[in-house]
Amino acid sequence: MSDTPAQYTPAMDFHPQPQPGTPTPWAFPAPERLTLANGLTVLHCHRPGQQLVAVDMVLDAPLAAEPEGLDGVASILSRAISEGTDTLTAEEFAAELERAGATLDTHADHPALRVSLEVPASRLERGLTLLGDALRVPALPTEEIERLVANRLDEIVHEQANPSRRAAKALYAALFADDDRLSRPRAGSTDSVKRIDRDAVKAFYDAHLRPSTATAVVVGDLTGVDLAALLESTLGRWTGESVEPSVHGPVVADDTGRVVIVDRPGSVQTQLLIGRIGPDRHDPEWAAQVLGIYCLGGTLTSRLDRVLREEKGYTYGVRAFAQPLRSAADGSGRGLLAISGSVDTESTAPALEDTWTILRTLAAEGLTDAEREEAVQFLVGVAPLKYETAGSVAATLADQVEQYLPDTYQAEFYRQLAELDTDTAARAVIAAFPPDRLVTVLVGDASVIAEPVKALGIGDVTVIAN
Amino acid sequence: MANPGPASGLAITEHRLANGLRVVLSEDHLTPVTAVCLWYDVGSRHEVKGRTGLAHLFEHLMFQGSANVSNNGHFELVQGAGGSLNGTTSFERTNYFETMPAHQLELALWLEADRMGSLLAALDDTSMENQRDVVKNERRQRYDNVPYGTAFEKLTALSFPGEHPYHHTPIGSMADLDAATLEDARAFFRTYYAPNNAVLSIVGDLDPEQTIAWVEKYFGSIPDHDGKQPPRDGSLPETMDAEARELVLEDVPSRALMAAYRLPHDGTRQADAADLALTILGSGESSRLYNRLVRRDRTAVAAGFGLLRLAGAPSLGWLDVKAGAGATLEQIETAVDEELARFAAEGPTAEELERAQAQIEREWLDRLATVAGRADELCRYAVLFGDPKLVNEALPKVLDVTAEEVREVAAARLRPDNRAVLVYEPTPDDSTDDDSSENEEAAA
């Protein structure tokens, strides 16, 4: 601490910090709707200049619909739909997709099975034809499904070795009852995946993939495209009997304050995941909660990183977030609330102690107007950047559909955010993270961290083998 | 003069201030956002022995305040204005970027100028000690605490000889991070951070005359200097003369075969041909290696090839195969070598070439879909190749490459005696990912 910066006198001319110009009004894009003859719902949105068109499908195949003992069948189906059709082998289908310059990503999650196509606008018809065929007449070949099952079994071993994946698995297992699908890994466990075969995948496809309960979100530069006709001749060829949409059960969790250490001997860091459940986007407090959580842990100048990173150097970064788990039209859904990051092993207990101090101080003193102001400016101001690409707009619209929210939800959310006062945001984040109702998962070296963590008094400590 | 979109090429104008700062502008009024990107021509290749990781650690210090900006003020002011920001360090350059709502552009320019001209007025021991710990935790999180995490570092070290400027990666070693002093950081700033060693690109919803006036106002008085030393010579023979190989025994979830092939320098037609070869062989689920190893042989869970483009040293072709349960690395290596030899002899089919070009076109559209992506590419072409306008020729050049050129580069370079190999065998003990990113970021 010997040198003072004063000796480094800059040679440049300084000017006062500039003031902003006049903002250009921006609103989250409003999609238009149409329904194809096969019952498929379509949301579409023209975004000039976005040459990569995004097509996001929301398919009503929730994980809770997987048959008993077959966890992972939705994931295997999601991976298998791009493994060939009635006219193309798996290799040919992959080749045709790539020839169109397209990517097809699939993901089976608690609320729905999602399929995302990205394709240059110039090749939109080819991309949509392939997507339509994958949904309409997937071959689901036995040998490819055997391979996908084997790959998933290998993938589980890799997930188990990855600290952040391992922490998520342990947190869900701790929060939710064993008979709740939420408690178990989305893509299945070794025991359940081993049981999955072609028949199981085909049965799940037949039961749950129907155009009448599906939605396609199409976003991008659609100049000169007769979208309704193009969709009818591609996705419109997919047919299936109309079925009742799924009904999602309520979400309940045990958030008794406690600590679960997943022992990972020799770890040079401890992965932290501290969580419980709370409101989803149907809750009137959602915007306030987003604002408050940003102040707590949204960026490196938020309360957590201000201490844990920028003062103490314990971590590369810790974030707090809220993420819908499973929603329902009646508002009975819930989201995951969590704080996540990794700290060097020796700093595990000190970092947790600081985290609890930050939460207790927050509960006692609330937020400041300056924090609220900076957070609103960021969250509202950054929206035009965040939604510059077609893919980001499509994903958000698809999330709205999946969560039974109106098409105007995101635009309304930004209007609400801008008007929230400091106390409302503070109340929401304090309610979200009560210090005595948090389940703490630590993936790290138990021989080093268990005793100091027990001494913190943040709940009973259980050590489990990795 | 608005730009109708990347498909028809970017409208680009160039300027140079009296102090040597190069400025590149590209207008596009479709969305009310503007990206500012500043590339300093300094990366980990400029570091000296015993001080690896200094360029990246220094990048962190650039966020710790300057004469008129408080510690972390850069983050607070940009985010408080609705902008996003970060910085990254690679072998060849360090970049800093802000994407702002268009009416906040002037703030980003003021902030960048303040730290370019006056960082040392604020840099102190407290920042240095704190960010040293942050960077060490970044290293643990991204490399040391994840399976296969140090593969990138190990394979880079095997690919470039001991004294070569690319022998070490941007994250640096723990020992060198511990050894770096405040005076090292100050000397680094004085040597490399100067307007004549930087390119500033500004892309999006902007008024060019006003923007240039602001750049002149804020950056114009920062003195230039010639303190910079050129990086150590990175030239190497076009090919290695023998394979380099290392066996790693670690507690990893599965066996893995990784390799780095020595390839042509970025910016050459041969590098584009190599990009196409690697795409056909190892990118996506219709690639030759995926079809062979994952679909047919079922010896691998994942198999892919990537291109690490380097301008100041040979590029690297990055092979990464994770074995399936029960498969041996001998089976996998034999199959890889067979596929590469067959490709070198036969070259790509017309359909394979078309597919690879379509994939590269999509990746390019993806990069140019945001103002920030465009700003970064303009800096890249200006810093590494001297002319930002080359950005508009990049894709046509890839689409112009012939099947024979792809075959030739594969035959010359994708050979067992032109690679470094890293072989992972699992042990039941101790652990160390898949992230072979060459960038170190300041945050998140």
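This is a guided tour of a predicted model with chains A and B, moving from a whole chain to its domains, a sheet, the contact between the chains and a pair of helices.

**Stop 1: chain A as a whole**

Begin by selecting chain A, in which there are 17 helices and 12 strands. If you turn the C-alpha trace of chain A along its principal axes, it spans about 75 × 55 × 45 Å. How does the radius of gyration of chain A compare with that of a compact globule? A compact globule of 466 residues would have a radius of gyration near 23 Å, and because chain A has 24 Å, the two values agree.

**Stop 2: the two domains of chain A**

Next, colour residues 32-237 of chain A, which the domain assignment gives as domain 1, and then residues 258-465, which it gives as domain 2. The C-alpha centres of these two domains of chain A lie 29 Å apart. Where they meet, 28 residues of domain 1 and 27 residues of domain 2 take part in the contact.

Stay on the side of domain 1 of chain A that touches domain 2, and select the elements that give two or more residues to that side: β2 (41-46), β3 (52-59), β5 (113-120), α5 (163-175) and β6 (215-220) of chain A. Which of these elements gives the largest share? That is α5(A), with 9 residues. Sorted by class, this side of domain 1 has 18 nonpolar, 5 polar and 5 charged residues.

**Stop 3: a sheet in chain A and the helices on it**

Now show the strands of the open sheet of 6 strands in chain A, whose order is β1-β2-β6-β3-β5-β4 and whose pairing is mixed. At its edges you will find β1 (32-35) and β4 (103-108) of chain A, each of which pairs on one side only. Neighbouring strands of this sheet are turned against each other by 15° on average, if direction is ignored.

At one edge, look at β1(A) and β2(A), which run antiparallel and are joined by 4 bridges. Here A:Leu34 stands opposite A:Val42, a residue of β2(A).

Then add helix α1 (residues 73-80) of chain A, which packs on the sheet and touches β4 and β5 of chain A, its direction making about 170° with that of β4(A). After that, add helix α14 (residues 390-402) of chain A, which lies across β2, β3, β5 and β6 of chain A and runs at about 15° to β3(A).

**Stop 4: where chain B meets chain A**

Bring chain B into view, and select the 76 residues of chain B that are in contact with 71 residues of chain A. Several elements of chain B give two or more residues to this side, among them α2 (73-80), β5 (94-101), α3 (105-118) and α4 (125-144). The largest share, 9 residues, comes from α4(B). Taken by class, the side of chain B that touches chain A has 31 nonpolar, 27 polar and 18 charged residues.

**Stop 5: two crossing helices in chain B**

Finish by selecting helix α9 (residues 269-282) of chain B together with α12(B), whose axes come within 9 Å and cross at roughly 105°. That crossing angle is why α9(B) counts as roughly perpendicular to α12(B). From α9(B), show B:Asp275, B:Leu276, B:Thr279 and B:Ile280, which meet residues of α12(B) including B:Leu353, B:Ala356 and B:Ile360. The residues of this contact between α9(B) and α12(B) divide into 5 nonpolar, 3 polar and 2 charged.

Terms used
Residues numbered from 1 in each chain as written. Chains lettered and ligands numbered in written order. Predicted model: local features only at pLDDT ≥ 70, side-chain atom pairs only at ≥ 80, totals over all residues. Domains from an automatic or database assignment. Contact = placed C-beta atoms within 7 Å. Nonpolar A, V, L, I, M, F, W, Y, C, P; charged D, E, K, R; others polar. Axes fitted to C-alpha atoms, helices over the stretch in contact; angles between N-to-C directions. Parallel < 35°, antiparallel > 145°, perpendicular 65-115°, else oblique. Pairing = 2+ DSSP bridges. Rg over C-alpha atoms; globule rule 2.2 N^0.38 Å.
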